[in-house]
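Please open the model in a viewer and keep the selection panel at hand. The tour below proceeds by selections, each followed by an account of what is found there.

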Amino acid sequence: MNTPSASEPRAATRTLNIAGMTCASCVAHVERALMKVEGVQAASVNLATETATVSAPASVPLTALIDAVARAGYEVRRDSIELDIEGMSCAACVGRVEKVLQRVPGVVAANVNLAARRAHVEIAGAVPAAALVAAVQKAGFGATPAAEVAEGAREVAAAAEEAALRRAVWIAVALTLPVFVLEMGAHLIPGMHEWVMATIGHRESWLLQFVLTSAVMFGPGLRFFRKGVPALLRGAPDMNALVAVGTAAAWGYSVVALFAPDLLPEGTVNVYFEAAAVIITLILIGRLLEARARGRTSEAIRSLMRIQPRTARVRRGAEIVEIPVAEVVVGDVVEVRPGEKVAVDGEVVEGASFVDESMITGEPVPVEKAVGATVVGGTLNTRGAFAFRTTRVGADTVLAQIIRMVEAAQGAKLPIQALVDKVTMVFVPVVMGVAVLTFLAWLVFGAGALPSDTSLLSFALVCAVAVLIVACPCAMGLATPTSIMVATGRAAQMGVLFRKGDALQLLRDAEVVAVDKTGTLTVGKPQLTDLVVAEGFAREEVLALVAAVERRSEHPIGEAIVIAARAEGLALGEAEGFEADAGHGVRATVAGRRVEVGADRLMRRLGLEIGTFADTAARLGDEGKSPLYAAIDGRLAAIIAVADPLKPSSVAAVKALHVMGLKVAMITGDNERTARAIARQAGIDEVIAEVLPDGKVAALRRLAEEGGVGARRRIAFVGDGINDAPALAEADVGIAIGTGTDVAIESADVVLMSGDLIGVPRAIALSRATMRNISQNLFWAFAYNSALIPLAAGALYPAFGVLLSPVFAAAAMSMSSVFVLGNALRLRRFGADAPAAG
């Protein structure tokens, strides 16, 4: 037990919600576990409220308490809060917001996305949203709980921000253009200098530049000072601070040169009003382009939100009433006419049609819907009318879940972001330090490197301002999140949902794709695949008689035969005198005809020679199918095979994975012969058969270890059933078929909404494209800053006479962010057929 001493810091009280406790013994276990954590002074657990109250200094991390409870065999319940953040402009802002949120008692982790302007805060215990908002506001940013933001409000706010930026840009351009012409025209246009001197005058020209530049600085440019100066005073400078200091230095020096020239050394009286004005104007233009591009990164989410119709036509007694979708409740019967969208999720109870589900699954072919079929809210009824009974509404619908998954994935941070975060946290202070060193270095050591008529003080100031302006932390902050946002949105449009953002990076590294057989590679239920009749029998007649008998059977094989007969529109007679002989087959009389269906041993017992079908039986055996035989009125009539066939796209999916250089393995509980037959048809490399459900995890570990000592292979596992959940959780990346069970989907990192295996190569191809895109963005962001900061500091001037003007520095900095955003937006054009193309 940790006994508090007088020298220990004052303890803070934290409350944790504990799951899994059932008795007083559990209470004691949790209390002991918490008291073992270094620094904990007291711990009290209440079984009735399932809470633990812990007294410990703030220096004791919350994660240490959570880990202690987990080691004791219990779980700390966690919740999450989403905040909309206002006022962030660069990666330094992201780091600052994350840091202040993580200091709030009860916060486990905080993840801020610059592109989405959203913070995802994971909490343990009761943490009021107001405390989080207050922490963010204290850091100089705005915050609103996302749940309190009205539908469409973000779009309205984004449009208002873009309009304000557009207005600011036009004002800045109008004010800056005369300044630029007055100052730079003399260097660019022959005779311009003489004309200005003759018509306006030297001092009057500087006064006019001062007025116009001041209007730019404290009009459209005031936003940089409002945010940058407080950030500087808090000791947490950001990009706004860099712009504010840089432009203020150029403007302030020019003001002194204009109004108090005697304070400056002889030969240094110059003005740089045009630099300050042009810098602010170019950065505003960059921010306007950035706002437009950032709006397009989240277009996929907005298009998903627009899918659901606003109203639904619901039966109320004998009347049809059109009501808002929000008022539809579970159990309502909703009518859908041709060309209308399905309002919510449900089950068809009347009528039939074909429904376009491409907006959910990514598959373009409409799906037939009849009584008993499920329909998903947001899909489009193409032709025919039907009615359905609602099963899920509001936040429980498939569409709402998709939107939540995409938003969660878009807000995630990839492992590659860790290095970026470390750099960006110190980037702005380091740049300011470099600017100061640049200024001092040129003042002290620059005399010998400059022409005699060049002012050393002016030159040093220009270099320092260029360093401040050219540095671009926003490009580093946007490099990863923008690519993630665009990629996850594009994936959703193709029917691939990344439930966890880091799966985007992990999937790229997959070397082996392991798949479950039933329901993943195959259709998942038996179907009649073969029916070959003997001479003298008609196929339709034999199928109708066999199905009539099998209709009395409870075996899945019999059910498959009945379904096939009904699909062909055959009329089934009544079976009389039905008998089932375990291990052999079934028999009955249909319309006066004796029908017997079963294995080869039943035929031999009947004295029938099955050699007629020897070749067919051998072929079926090679395909992993067990043949059945049918005898009618004592004569051998047909050989039948019922099997779980491959999905139509499985072969193409496996081929696409091979083209991508991946090995494909199949893990199944089926017998070795059937499994190998399916594997041959699909082109699978390795088969692990006769695996019990709890053996799939061991099989995955074995596949991973086949990479050799110290070379563990990355495994992606694809499954759909409850028994696949442990394997999905064990794999480096778990991929669930969207038509599978909820348990499987909850255990997965990626969900394929179409239920089609072709989504796997699509997801991997998109993952690779996204990581390439992020690498390009990060290379640009780091290479840009690494190359241009020394250039702006004048490092190349003594040897090559090359110097970066603050004006060009501002243009380069603005275009850096625009480049990153533009490159990320290329992912919107990622094609669904990309893997097939190699």
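Two strands are taken as paired if DSSP finds at least two bridges between them. The model on display is a predicted one, and the stops below apply that pairing rule to its sheets.

**Stop 1: the seven-stranded sheet**

Select the strands β18, β30, β29, β28, β19, β26 and β27, which in that order make up an open sheet of seven strands. The pairing within this sheet is mixed. Colour β18 (496-498) and β27 (686-688) separately: they are the edge strands, and each has a single partner, so one side of each is left without a neighbour in the sheet. From one strand to the next, the twist averages 20 degrees.

Within this sheet, restrict the view to β19 (residues 512-516) and β28 (residues 715-719). The two run parallel and are joined by four bridges. Label valine 512, whose bridge partner in β28 is isoleucine 715.

**Stop 2: the four-stranded sheet**

Next, select β6, β7, β5 and β8, an open sheet of four strands in that order with antiparallel pairing. Its edges are β6 (107-113) and β8 (142-145), each of which pairs on one side only. The twist here averages 25 degrees from one strand to the next.

Add helix α3 (residues 91-102) to the selection. This helix packs on the sheet and touches β5, β6 and β7 (118-124). The direction of α3 makes about 160 degrees with that of β6.

Then isolate β5 (residues 78-86) with β8, an antiparallel pair held over four bridges. At one position of this pair, glutamate 86 stands opposite glycine 142 in β8.

**Stop 3: a hairpin and a further strand**

Select residues 311-316 and 319-324, the strands β9 and β10, which pair in the antiparallel sense over six bridges. What lies between them? Two residues separate the strands of this hairpin. In the turn, glycine 317 has a positive phi of about 70 degrees.

Two bridge pairs deserve labels. Arginine 316 is partnered by glutamate 319 in β10, and arginine 313 is partnered by glutamate 322 in β10.

Extend the selection to β11 (residues 333-336), which runs antiparallel to β9 and is joined to β9 by two bridges. Here valine 314 has valine 334 in β11 as its bridge partner.

**Stop 4: an aromatic pair**

A search of the whole structure returns 11 aromatic pairs. Display the side chains of one of them, phenylalanine 459 and tyrosine 797: the ring centres are 5.0 Å apart and the planes stand at 55 degrees, so the pair is classed as tilted. This pair links distant parts of the chain, with phenylalanine 459 in helix α15 (residues 456-470) and tyrosine 797 in helix α29 (residues 797-800), 338 residues apart.

**Stop 5: the largest cavity**

How many cavities of 30 Å³ or more does a search of the whole structure find? The search finds three. The largest cavity has a volume of about 50 Å³. To display its lining, select Met239, Ile283, Gly286, Arg287, Glu290, Cys474, Met813, Ser814 and Ser817.

Now add the helices α10 (273-297) and α30 (806-825), each of which supplies at least two residues of this lining. The largest share, four residues, comes from α10. Colouring the lining by residue class gives four nonpolar, three polar and two charged residues.

Conventions: Residues numbered from 1 in each chain as written. Predicted model: local features only at pLDDT ≥ 70, side-chain atom pairs only at ≥ 80, totals over all residues. Heavy atoms only, no water. 1 Å grid on protein atoms, 1.4 Å probe; cavity = no way out; pocket = protein on both sides within 12 Å on 5 of 7 lines; lining within 4 Å. Points joined across faces, edges and corners; volume = space filled by probe spheres on them. Nonpolar A, V, L, I, M, F, W, Y, C, P; charged D, E, K, R; others polar. Axes fitted to C-alpha atoms, helices over the stretch in contact; angles between N-to-C directions. Contact = heavy atoms within 4.5 Å. Phe/Tyr/Trp six-rings, centres within 6.5 Å; stacked < 30°, edge-to-face > 60°.
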